[in-house]
Amino acid sequence: MSVYDVTFGSLGLVCAYLAYKTNPFKSDVEATSAFTSFQRNYVFVFLTMMMSDWLQGPYVYALYQHYGYNQAEIGILFIAGFGSSMVFGTMVGSFGDSVGRKKTCVLFGLLYIASCITKHFSNFHILMLGRLLGGVATSLLFSVFEAWMVSEHFSRGFSPSLLGGTFAQAYFCNSIVAILAGLIGGAAAREFGFVAPFDCSMALLCMGTVVVFYTWNENYGRASEPFLEGLKKGYNVIISKKEVVIAGAAQSSFEGAMYTFVFMWTPSLGSAAKEANMGEIPHGYIFAIFMVSCMIGSCMFKYLYPAIPGVTLLTGVISFAAVGLMPAALGNGQFGFMGLLLGFCAFEAAVGFYWPLIAEIRSAVIPEECRSTIMNFFRVPLNLIVVVVLYHIGDLSDVFVFRFCVFLLVISAYLGSILVIPVAKAKPS
């Protein structure tokens with residue numbers, strides 16, 4: 001039995017126990033059939049779109065390598081994707097508040113489908129176009145769907161206490177979907193080549209977009225307001241409302257560390273495994289271990305919230321994430337391979353807890369009329385952090401990058417500790 005089997009089995013048992021105790025699919029508040037139908041529809045669409053994203057992630061780099069591009073050229077393509085998300089994603093995301101969030105969700109599907117189509121071509125400029133489209137689509141995925149759901153939840157008169165259950169269920173199932181995407185994507189890539197996972201992604205995007213188009217209502221933040229006025233209003237809200245800017249800065253710092261971790265865990269664990277004479281690491285198996293850790297975090301969120309205030313939990317879970325990265329940040333092989341792996345599992349558990357928690361906090365502090373705009377503004381510093389790190393990644397040691405991640409998490413934890421949610425915003429109506 002390998003260390004991977006023991007780790008996966010142990011975490012799986014913990015996850016199964018917590019899932020049994022908390023039951024992410026059961027609400028603590030009695031829900032009507034109308035709410036249950038609404039929740040199932042949103043979670044289905046959310047998971048379909050997220051699975052389409054998970055299918056692509058592991059094969060973008062491999063596909064570019066297959067087309068003969070070197071590391072520097074691939075780095076340019078990746079930077080273009082994050083840069084596009086930072087610049088154009090913010091502007092397009094604002095359309096959700098003025099043009100309509102349903103329309104913008106449909107736009108997400110069309111943009112990501114077009115991005116997948118470009119993967120069939122080896123031309124650098126076509127691939128660059130695909131990265132630009134994908135960058136915009138990613139910003140929409142992590143903003144406008146949530147904005148639609150929160151607005152629709154309250155416009156239909158559902159209880160604010162039911163919102164956390166929807167977030168917990170969505171992000172718990174997201175980890176399961178990620179594991180399934182890894183299995184399906186791996187089988188497709190082995191059988192038909194590296195472009196096949198993108199075709200599977202397209203099929204899911206088509207299905208999700210059709211469901212949105214035919215079953216979702218339209219909702220707006222400010223339908224009568226011009227686009228540029230909407231951007232200006234969102235910016236003014238951020239600089240004038242202390243709770244909004246603190247929540248946004250805490251989110252950007254945490255997720256900047258998280259996305260940097262995505263690029264760093266493979267070389268870090270690979271080096272540690274070689275030093276321990278363990279051979280090549282099983283990337284897919286470790287990814288599955290991380291996703292089980294995320295599910296544990298999602299279950300803990302359901303167990304602890306709302307009994308413990310959200311801002312208290314935010315500080316605690318971000319601090320826990322920083323502790324998880326400490327073995328990698330201290331370096332010198334002090335903790336060995338298992339120390340690194342368990343630390344990374346702790347970090348992923350914190351990520352699983354963080355996603356539904358920050359979504360709940362955003363729903364409380366961001367004004368409804370510019371929700372999509374502000375959520376995309378939050379992603380600007382996040383993408384800037386990732387672009388800068390990626391640009392210099394070849395000149396930085398693994399230990400330095402992980403120390404930078406811990407530094408970002410310390411900042412995020414401090415911001416969480418000073419965040420105060422006004423009573424009037426704690427329960428939107």
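Start by colouring the chain by pLDDT: this is a predicted model, with a mean pLDDT of 88 and 95% of residues at 70 or more.

Now zoom out to the whole chain. You'll count 17 helices and zero strands. The C-alpha atoms fit in a box of roughly 60 × 50 × 40 Å along the principal axes. For 429 residues, a compact globule would have a radius of gyration near 22 Å, and the chain's 21 Å agrees with that.

Next, select residues 196-215. That's helix α9, which has the highest mean pLDDT among the elements, at 96. Then jump to residues 423-426, helix α17, where the mean pLDDT is the lowest, at 48. Extend the selection to residues 424-429: pLDDT stays under 50 there, and the model has twelve contacts beyond four places in sequence for this stretch.

Now for a helix pair. Select residues 310-330 (α13) and 336-365 (α14); their axes sit 8 Å apart, at an angle of about 160°. Angles over 145 degrees count as roughly antiparallel, so α13 and α14 are roughly antiparallel to each other. Turn the view to look through one helix at the other, and you're looking at a left-handed crossing.

Show side chains where the two meet. On α13, the contact residues include L313, L314, V317, F320 and L325, along with G310 and G324. Facing them from α14 are, among others, L340, F344, F347, F353, Y354 and I361, plus G339 and G343. Colour this contact by residue type: it divides into 18 nonpolar residues, four polar and no charged.

Key: Residues are numbered from 1 along each chain as its sequence is written. This is a predicted model: local features need pLDDT of at least 70, side-chain atom pairs count only at pLDDT 80 or more; totals for chains, interfaces and linings use all residues. Side-chain values use heavy atoms; hydrogens and water are left out. pLDDT is the predictor's confidence in each residue, from 0 to 100. Helices (H or I, at least four residues) and strands (E, at least two) are DSSP runs, numbered from the N terminus. Contact means heavy atoms within 4.5 Å. Axes are lines fitted to C-alpha atoms, for helices over the stretch in contact, and angles run from 0 to 180 degrees between N-to-C directions. Angles under 35 degrees count as roughly parallel, over 145 as roughly antiparallel, 65 to 115 as roughly perpendicular and the rest as oblique. A crossing is left-handed if the near helix is turned anticlockwise from the far one by less than a right angle, and right-handed if clockwise. Ala, Val, Leu, Ile, Met, Phe, Trp, Tyr, Cys and Pro count as nonpolar, Asp, Glu, Lys and Arg as charged, and the others, Gly among them, as polar. The radius of gyration is taken over C-alpha atoms; the globule rule is 2.2 Å times the number of residues to the power 0.38.
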